[in-house]
Structure formats: structure tokens, C-alpha cells
Amino acid sequence: MKQLLKFSIFFLLITYSLLVHSEQFLLSTEGSELEVQVYKARGKNLLLIMPSEHGITDGLKKLTTDLQTSGVEVWLADPFSSWMLPVVESSLEKIPNIAYVEFIHAAQQYAKKNNKRIYLLSHDKGSRKLLESVRQWQLDSNKLISGVILISPNLYSKTPDAGNEAKLLPITYATNLPLFLYIPEKSTLALRIRNIVNSLETGGSDVFVKRLNNVRDRFFFRPDASEKEITTASGLSQQILQSLKLTQSYAQPRKAASLAAPTAIINENNQPQTKAKKTTGVLRIYKGSLKPDDFKLKALNDKTHKLSDYRDKVVLVNFWASWCPPCVHEIPSMSELNASVNDTLSNKSFEILAINLGEPKQDIATFIEAHPVNFSVLLDPQKSLPKQWKVFAFPTSYLLDKQGRIRYSVAGAIDWNSHEVKTIINRLINQ
């Protein structure tokens, strides 16, 4: 590999007084420069952070300085400033992997001179860029990476249409490093931990998982963070310190794994993804293969509801959680829709079943007191139905006809009281 960095200049730039909180250096990579902020510390651990689609947030900066205070030296890359990219998801694809490859090479040179162990960290969709880059680095190096820390790692190619399976990215099957995953409990990722772990282990990774109770994705930099999320974020650096110790015990030089995903592992049910082709502009006409089984759940008033009880009615099945802002935002329009459709009928031919994702009954009761609804709120304490119904985003909703077949679906919040939605429902009622 071409020498893309003059290491003598590099070491001069990062050798500075320990009284300096941090210092920036520029890493030359094939005609461009990657900005790196160095947070010096005396400990033996060097952590390279590659930011996600959310950029360098205040929460990420705080985590960095907390780690530095704990004795971990941190190098924080800033590809967004380096290439003048907007902090949006699409910018991740514009970050050249070679920049991160050279980032790791430079860190290896420094770590060897200063007797440090190297770790990598990213979160959300930045996790895929990290794994792709470290595999590319492995193609040219047999040196040691002591571990990779991923927080809320989104390794799916995209959020699928409701009722379809999501495909994991090929890099998920081609990673073979010691990995520690932090999975928020209030996340669709928590429903699929086993699938993600199995896929990562396919390439030879040693995978460890920590479920973070009662927090959402982005918990350490959310502007609407709950008290629990703030507390969890404040202790995240100490959690990561323990993760470094664990993954280091499994570290060994490893050659890059094969990038070809095993043909036997396509999705959770080993079924090809079906794409919904036609849309109404609000709801998607469902073209998937999901045939919902009957279920039996209790409502807040302890009344038992079975899906089969609603045959001969059009049913909106909605998966939601009170900690999900888009879910809460669409609730009033659902109540308006329920009232509007049924007020025009001589008999009640439309039902809404809003299935909550595993929250305590009292918490939901308190929420409904503050946000009254005119439809049934059902409790799924075991969180079993979202996985069966292939829910990859909250909220996710399905519109069933009078024969119990899924006819429309939507992943995300919409205005349920729109003219278009009511037209669709009335058409199904009259069929």
C-alpha cells in the first residue's frame, strides 16, 4: 500500500502536553484529508470512533470526554467536516472507506509505538461503515484489533414495507472480530437480537450483547431523553470500559472473512423479501406473504380480544408504544377515523386494535388517561406479535378486510383521518 501519511509529521501533531484537552490533526488519504480529534489519555486503550448518520452530537462528545477521563485515549473522526457533507444518512455512502482504512493504519502505528490496544466504536447506521472499513483494512493487515463496540447497530439494508422481511447487509456475514453490542430495549432491534447475533457469528465473530433496559435508540443524544435515558447515558462510558476488557480477551489477528452472504441465511424466516409495488400515496397495497395467525390479548380493562372475533369487520391492527413520538402523534387521527367511519354506518363494521409493545399495564393506563382514545388498546407483555407480524418500525399498521386478509399496510405514522384512508376503508367494508 502506498504511504499516504508522513508519520513523522503525524506523531509531531499528536504529541502534546497532557494538559491539553484535545487536539486536531489531519490525516491525508488519497488527495483528501480526514479531520481527527484526539483526546489523549495515559491508559493502554485507544478507541477509534467513527460517527453515525447523526454526526458528532453533543452526546457523542460527552461520551468521548467521559472515556478520556476514565483513562481511554479516543480518536474521533469527523468525515462530515472533512468532505463538507451534510449530517444526513445519505452522506455515509459518500465517506470513502479508504479514509477509515488509513485511519486504522495510522492508529496501529501509533499504538505500536505507545504500547496501546486498539478498539473501534460506532452506532446506528455508522456501524455498517465501520464494519465495511475494518474488513477492507483486514485485507491488507494481519495486525490486532482488540474489539468493536456497536451501539444500536442498524445492519439492515433498509426498513422494509410493513409485513415484509428486512435483509441484513452482506457485511453482517463477513465480520469476524470480537463484537460487543448495546441494544436498547425500546427498539425494534431488541426483537431481533438473536437473528443479528447469528448472522454476525456466521463470519466468525465473537458476539456479546448488553440489553439496555427502558431506553430508546439514540438514548445518549436524544433532545427528548427521559430520566432513565439520561442516567443510562451518564454511565455508558463505564459500561464500555467493561466491554473493552471482555472483547480484548477474545482478540487475535484475523484475516478478512468472505464477503459472500450464505445463501441459506436471507432473513429471519429464510424467505425472499417481497416488494410492495403499488401505493395509494398513504397506504401501500399489501403484496407480501404474511398471513396473520389468530391472537388472544387482553385490553386495559382485562377483556380478552381475539383477532378471529372480528371477522366480517374491517380491522386496523396498529403496533405502537408510548415512548415512540410518531406513534403518539398519529393517535388522535386514529380516534377521529374510528368515529368518522362508524358514525356513517348503521352497524359498527370497522375496528381498531392498537397493540402496545410490552409496556407495563399501569404505564399504559396512565398514558391513555392523558391521551383518551375510542378504540381498543391491547397489551402484548411478551412482545411476541411484532416479530410474528414482521414489524421493523414503530408505528406499523395493517388494514385487514372482512376475511381477515391483509390488504394495506404502512410502516410509520400517517394521518388516518384523511379522505383517502376513509375511502379505502369504506371500499373494504362494502366488498
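This note goes through the fold, the strand pairing, the helix packing and one loop residue of a predicted model.

1. Overall composition. The protein contains 12 helices and 16 strands, and of its 431 residues 54% count as buried. The accessible surface amounts to about 19,200 Å², with 49% of that area belonging to carbon and sulfur atoms. When contacts between residues at least 6 apart in sequence are considered, 75% of them join residues at least 24 apart.

2. The S7 and S8 pair. Strand S7, covering residues 178–186, pairs with strand S8, residues 206–216, in the parallel sense over 8 bridges. Between these two strands the chain passes through helix H6, residues 193–202, and the resulting β-α-β crossover is right-handed. As a point to check on the display, Lys-186 has Arg-216 in S8 as its bridge partner.

3. The open sheet. An open sheet of 8 strands follows the order S9-S16-S15-S12-S13-S14-S10-S11, and its pairing is mixed. Its edges are formed by strand S9 (284–285) and strand S11 (304–306), each of which pairs on one side only.

4. The S10 and S11 end of that sheet. Strand S10, residues 296–299, runs antiparallel to S11 and is joined to S11 by 3 bridges; within this pairing, the bridge partner of Lys-296 is Lys-306 in S11.

5. Helix H12 on the strands. Helix H12, which spans residues 419–430, lies across strands S12 (314–320), S13 (350–357), S15 (396–400) and S16 (406–411), and the angle at which H12 runs to S16 is about 160 degrees.

6. The H4 and H5 packing. Helix H4 (residues 97–114) packs against helix H5 (residues 126–138) at an angle of about 65 degrees, the axes being 8 Å apart, and the crossing of H4 and H5 is right-handed. On the H4 side the residues that meet H5 are Asn-97, Ile-98, Tyr-100, Val-101, Ile-104, His-105 and Gln-108, while on the H5 side the residues are Lys-129, Glu-132, Ser-133, Val-134, Gln-136 and Trp-137.

7. Asp-294 and its surroundings. Asp-294 sits in the loop between S9 and S10. Why is Asp-294 classed as partly exposed? The relative accessible area of Asp-294 is 45%, and the class of partly exposed applies because this value falls between the 20% limit for buried and the 50% limit for exposed. Leaving aside residues up to four places away in sequence, Asp-294 touches Lys-306, Leu-307 and Ser-308. Asp-294 and Asp-309, which are 15 residues apart in sequence, have C-alpha atoms 9.3 Å apart in space.

Conventions
Residues are numbered from 1 along each chain as its sequence is written. This is a predicted model: local features need pLDDT of at least 70, side-chain atom pairs count only at pLDDT 80 or more; totals for chains, interfaces and linings use all residues. Side-chain values use heavy atoms; hydrogens and water are left out. Two strands pair if DSSP finds at least two bridges between them. Helices (H or I, at least four residues) and strands (E, at least two) are DSSP runs, numbered from the N terminus. A crossover is right-handed if, with the strands pointing away from the viewer, the path from the first strand over the helix to the second runs clockwise. Contact means heavy atoms within 4.5 Å. Axes are lines fitted to C-alpha atoms, for helices over the stretch in contact, and angles run from 0 to 180 degrees between N-to-C directions. Buried means under 20% relative accessible area, exposed over 50%, partly exposed in between (1.4 Å probe, protein chains only). Accessible areas come from the Shrake-Rupley method with a 1.4 Å probe; for residues, only the protein chains shown count as cover. A crossing is left-handed if the near helix is turned anticlockwise from the far one by less than a right angle, and right-handed if clockwise.
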